[in-house]
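Colleague: I have a model open on my screen and would like a close look at a single part of it. Please walk me through how the pieces there fit together.

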Amino acid sequence: MTIIQLFVLALVQGITEFLPISSSGHLVLVPVLSGWPDQGLLMDVAVHVGTLLAVLLYFWRDAKGLALAGLGSIGVKAARQQVEGTVYLKLFWALVIGTIPMVIVGGLMVATDANDALRNAEVIATTSIVFGLLLYWADKRGDTKKTTDDMAIKPALLIGLAQVLALIPGTSRAGVTMTAARMLGFSRTESARFSMLLSIPAIIASGTATGLKAMEQASAAQMNDALIGALLSCLAALGAIHFLMRWLTHASMTVFVIYRVALGLFLFALIFTGTL
């Protein structure tokens, strides 16, 4: 894989993972639109791991609190004492509950190789438009009062069930979880924050299941490419997270909806003209 291809893939993943425009959909489109061979699952996993590192760095205080809450929940007394009385114990279990549906359905899809059947331009074009319009509706309709301090079992489970839809390329994990959170009354910035924190177990779960399978067949050169891709995507993701959090403090998600609809229409035009 050339350095240009690595840079493009990492940049696409880093920018799109936490914006509500679908990272997996864009990664599928890169080889389709560029003519490059498909980068394969190992590179997909590597650039996702890079974005995982980015969210851990950006939300390092939250990550630390959640790690201590996790240790406290399994009986580590010293860790529990450090988070006792904070929101992190409650938030930790909300993230666990929100991740369970993705683990179950995602595991079944990996076991049956159902992922490959959905990696095509028609699916991406359709989901880009449909879920983009749904995001617009939820963002305009949703209240803005709730914060992650208000996250309980029921909303966490509902957001987790919505996250399962992100297994369909073009849906956008960030987009569909923010849509669900906005429909449940969470503010734009808090919807984005919970979505990004929910990405931590989601990426770990999907990366472990898919990554181990891909690494079994990887060469040394492919592993080296994967490491470079992970680093580049981490840097790109840090910039994207910073932009999104600042943007949502004073603006709506309409700009992302417009992009999604335009992308979907563009893809349908390519499909109908025989380009794809």
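What follows is a request about one helix and its surroundings, then a connected reply.

Colleague: Which residues of helix 8 meet helix 10, and at what angle do helix 8 and helix 13 pack? Please add what surrounds serine 187.

Modeller: A caution to start with: this is a predicted model. Take helix 8 first. Helix 8 covers residues 121-141 and packs with helix 10 at an angle of about 30 degrees. The two axes are 8 Å apart. Angles under 35 degrees count as roughly parallel, so helix 8 is roughly parallel to helix 10. Their crossing is left-handed.

Now the residues. Helix 8 brings Phe131, Leu134, Leu135, Trp137, Ala138, Asp139 and Arg141 to this contact. Helix 10 answers with Gly175, Val176, Thr179, Arg182 and Met183. Sorted by class, the contact holds 7 nonpolar, 2 polar and 3 charged residues.

Turn to the other partner. Helix 13 spans residues 254-272. Helix 8 packs with helix 13 at about 155 degrees, and here the axes are 8 Å apart. Angles over 145 degrees count as roughly antiparallel, so helix 8 is roughly antiparallel to helix 13. This crossing is left-handed. Its residues divide into 15 nonpolar, 6 polar and 3 charged.

Next, serine 187. Look for serine 187 in the loop between helix 10 (173-183) and helix 11 (188-215). Buried means under 20% relative accessible area. Serine 187 has 11%, so serine 187 is buried. Leaving aside neighbours within four places in sequence, its contacts are Asp143, Thr144, Lys146 and Arg182. Arg182 also takes part in the contact of helix 10 with helix 8. Threonine 144 is 43 residues away from serine 187 along the chain, yet their C-alpha atoms are separated by 3.9 Å.

Last, the nonpolar interior. The largest nonpolar core has 51 residues. Val55, Phe194, Met196, Ile241 and Leu244 touch the most other members. Helix 6, residues 88-112, gives the most to this core, with 8 residues. Apart from this core lies another, of 11 residues, with Val30, Met43, Ala46 and Ala226 among them. Back in the largest core, follow methionine 196. Not counting residues up to four places away in sequence, methionine 196 touches Phe18, Val55, Phe59, Arg173, Ile241, Leu244 and Met245.

Note on methods. Residues numbered from 1 in each chain as written. Predicted model: local features only at pLDDT ≥ 70, side-chain atom pairs only at ≥ 80, totals over all residues. Heavy atoms only, no water. Core = buried A, V, L, I, M, F, W, Y, C linked by side-chain atoms within 4.5 Å. Buried < 20%, exposed > 50% of the residue type's maximum accessible area, 1.4 Å probe, protein only. Helix = DSSP H or I, 4+ residues; strand = E, 2+ residues; numbered from the N terminus. Contact = heavy atoms within 4.5 Å. Axes fitted to C-alpha atoms, helices over the stretch in contact; angles between N-to-C directions. Parallel < 35°, antiparallel > 145°, perpendicular 65-115°, else oblique. Left-handed = near helix turned anticlockwise from the far one by under 90°. Nonpolar A, V, L, I, M, F, W, Y, C, P; charged D, E, K, R; others polar.
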